[in-house]
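Me: Please take a close look at the salt bridges in this structure. I should like each pair placed in its setting, with the neighbouring topics of charge and burial treated alongside.

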Amino acid sequence: MQKQISNLDKLTLSNDFLFKHVMLRKRICKHILEELLHTQIADITYLEAEQTIDVYPDSHGIRLDVRIADTANTHYNLEMQVKNPVNRATGNFLLPKRTRYYQAMLDTDMLQKGQDYDELSPTYIIFFCLFDFFQDSQRIYTFKKRCLENMNIELADEAVIMFLNTLGTKGDVSPDIQSLFDYINSNTITSNFTREVADTIVEIKNDKKVRDAYMTYEMRMKDLRDEAHAEGKAEGLAEGKAEEKTATAKRLLSMGLSVEDIAKATSLSVEQVEAIKAE
């Protein structure tokens, strides 16, 4: 238990858990949105507050998103992305399609049965990335749907995806956003705003409810890692047994045994043995 508490003390803003709790401070989150979008926001509310506070499992493991709506009914999803995830099987980067999945979740939650499509609210999915996914050194990459044949034609579905590159050197951002990037990268306080963020982090780390929530989070993460390890081990054993059966079938085929006898000896189906024989 003491180890988990000390781990919390070491967390920085780039950690999902801490980022989420900082973003739950309305003044900070609202200011970030206003600085990013160059607009004034009257107020924001947190959607499904119990899900932004608690850690919960879903089909993709742990999700720690911050979902917000403002008084103009624009919806926001803020995410911290430390690593650039890759599908080990295909080698494809996962982030682009992850944004597609998040957009689908936002839209599905907003559009209730019987509502018209034009009742969908404007949305912003915003990723804080500690790497330059597009390798163009832009501080912000903003995506909207446009016609390939005429880039002046916008689809106007009011869905925006923003990748914030904390390492970027191109493009203008406000001084507070740049100081936030610097703070995320190096934990260095360079403005009154990042001083406020740093002070808030101290408050959060000293909050008993947060410390208890972090211990629960750590235990759930450990359970997920243990489950993934067990599944991987089981898959490896299954693959090993399958390879062993195939090798045995090949040896028996070379000895001239019938397909039916080999199937009985290896517990493979006749069709599987036929396929091995045809190779």
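Reply: The account below takes the salt bridges in turn, then a charged patch, and then one helix.

The model is predicted, so local features are reported only at pLDDT of at least 70 and side-chain atom pairs only at pLDDT 80 or more, whereas totals for chains, interfaces and linings use all residues. Residues are numbered from 1 along each chain as its sequence is written, and side-chain values use heavy atoms, with hydrogens and water left out.

A search of the whole structure gives 11 salt bridges, each being a side-chain nitrogen of Lys or Arg within 4 Å of a carboxyl oxygen of Asp or Glu. One of them joins Asp9 to Arg211, with the closest N and O atoms 3.3 Å apart. Because Asp9 belongs to helix 1 (residues 2-10) and Arg211 to helix 8 (residues 208-254), this pair ties together parts that are 202 residues apart in sequence. Helices here are DSSP runs of H or I with at least four residues, numbered from the N terminus. Asp9 is partly exposed at 41% relative accessibility, while Arg211 is buried at 17%; buried means under 20% relative accessible area, exposed over 50%, and partly exposed in between, with a 1.4 Å probe and protein chains only.

A second pair is Arg195 and Asp199, whose closest N and O atoms are 3.5 Å apart. Both residues lie in helix 7 (residues 192-205), four residues apart, or about one turn of the helix. Arg195 is partly exposed at 40%, and Asp199 is partly exposed at 37%.

Glu154 and Arg146 form another salt bridge, the closest N and O atoms being 3.5 Å apart. Glu154 is partly exposed at 33% relative accessibility, as is Arg146 at 40%.

Glu260, Asp261, Glu271 and Glu274 form a negative surface patch. In such a patch, residues have over 30% relative accessible area and no salt bridge, and like charges are joined within 9 Å. Helix 9 (259-266) and helix 10 (270-278) are the elements that give two or more residues to the negative patch. Glu274 lies in helix 10 and is partly exposed, with a relative accessible area of 38%.

Helix 3 adds a view of burial. Its buried residues are Ile28, Cys29, Ile32, Leu33, Glu34, Leu36 and Leu37. The 12 residues of helix 3 (residues 26-37) should span 16 Å at 1.5 Å a residue, and the end C-alpha atoms are 16 Å apart, which agrees; the expected span is 1.5 Å times one less than the number of residues. Just after helix 3, His38 takes a positive phi of about 55°.

Terms used:
Patches are made of residues with over 30% relative accessible area and no salt bridge: like charges are joined within 9 Å, nonpolar side chains (Val, Leu, Ile, Met, Phe, Trp, Tyr) within 5 Å. Accessible areas come from the Shrake-Rupley method with a 1.4 Å probe; for residues, only the protein chains shown count as cover. Lys and Arg count as positive and Asp and Glu as negative; His and the chain ends are not counted. The place of a charge is taken as NZ of Lys, CZ of Arg, CG of Asp or CD of Glu.
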